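Good morning, and thank you for joining. I would like to take you through the charged pairs and the nonpolar core of one structure; please bring the model up on your screens.

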Amino acid sequence: QSPHLTDSVKSEALAMSARLQTAKDSLAMWSSVQARFFYLEPAFAQPLRGHSVAGWFEAFRSVEQMWRHAMQRARMTFRTVLHATSQQALQTQLQKIGEDLQEIEHGVGQVLAARRAACP
């Protein structure tokens with residue numbers, strides 16, 4: 001066995017391991033964002049009544065556009081999962097969408113809690 005060949009294979013294996021770990025982390029974030037989006041989507045299927053939730057409806061519509069654009073771009077642009085998950089721009093966009101969805105979920109939860117508290 002050649003030490004050069006062993007080092008070469010080892011460095012390729014380490015590089016692939018790092019790519020696979022990045023893919024795993026990206027797919028976990030992607031899955032989390034997708035789950036939160038699909039959880040909230042039915043609540044915003046139709047415009048909500050009341051001034052207190054109108055802003056959240058608009059915020060969700062904005063996030064929905066970002067989500068759909070990101071998914072369309074991923075489908076059209078990236079040939080493989082490893083390619084898609086290695087793109088920093090997509091990861092950044094998914095993180096932003098996730099944060100926005102979390103804020104929307106929290107805000108709507110507060111509005112609903114206030115409404116429940118106001119009802120006898």
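Is E105 buried, exposed or partly exposed? In this predicted model, E105 has a relative accessible area of 27%, and because the partly exposed class runs between 20% and 50%, E105 is partly exposed.

Let us turn to the partner of E105. The side chain of E105 meets that of R36 in a salt bridge, at 2.7 Å from N to O. This pair joins distant parts of the chain: E105 belongs to helix α4, residues 88-118, while R36 belongs to helix α1, residues 3-40, and 69 residues separate the two. R36 is likewise partly exposed, its relative accessible area being 26%.

In total, the structure holds five salt bridges. As a general point, side chains of opposite charge can pair when their charged atoms come close.

I now move to a second group of charged residues. A network of salt bridges links E41, R61, E64 and R68. Within that group, R68 pairs with E41, and their closest N and O atoms are 2.8 Å apart. R68 sits in helix α2, residues 51-77, whereas E41 sits in the loop between α1 and α2, so this salt bridge ties together parts that lie 27 residues apart in sequence. Both partners are partly exposed: R68 has a relative accessibility of 43%, and E41 has a relative accessible area of 22%.

R68 also forms a salt bridge with E64, where the closest N and O atoms are 3.2 Å apart. Here both residues lie in helix α2, four residues apart, or about one turn of the helix. Why does E64 count as buried? Its relative accessibility is 14%, and buried means under 20%, so E64 falls in the buried class.

Let me close with the nonpolar side of the structure. How many residues does the largest nonpolar core have? It has 19 residues, and those with the most contacts inside it are L90 and L101. Helices α1, α2 and α4 are the elements that each give two or more residues to this core.

Taking L90 as an example, and setting aside its neighbours within four places in sequence, the residues in contact with L90 are W30, A70, A74, F78 and A84.

To summarise, E105 of helix α4 and R36 of helix α1 form a salt bridge pair, and α1 and α4 are also among the elements that contribute to the largest nonpolar core. Thank you for your attention.

Notes. Residues numbered from 1 in each chain as written. Predicted model: local features only at pLDDT ≥ 70, side-chain atom pairs only at ≥ 80, totals over all residues. Heavy atoms only, no water. Salt bridge = Lys/Arg side-chain N within 4 Å of Asp/Glu carboxyl O. Buried < 20%, exposed > 50% of the residue type's maximum accessible area, 1.4 Å probe, protein only. Core = buried A, V, L, I, M, F, W, Y, C linked by side-chain atoms within 4.5 Å. Contact = heavy atoms within 4.5 Å.
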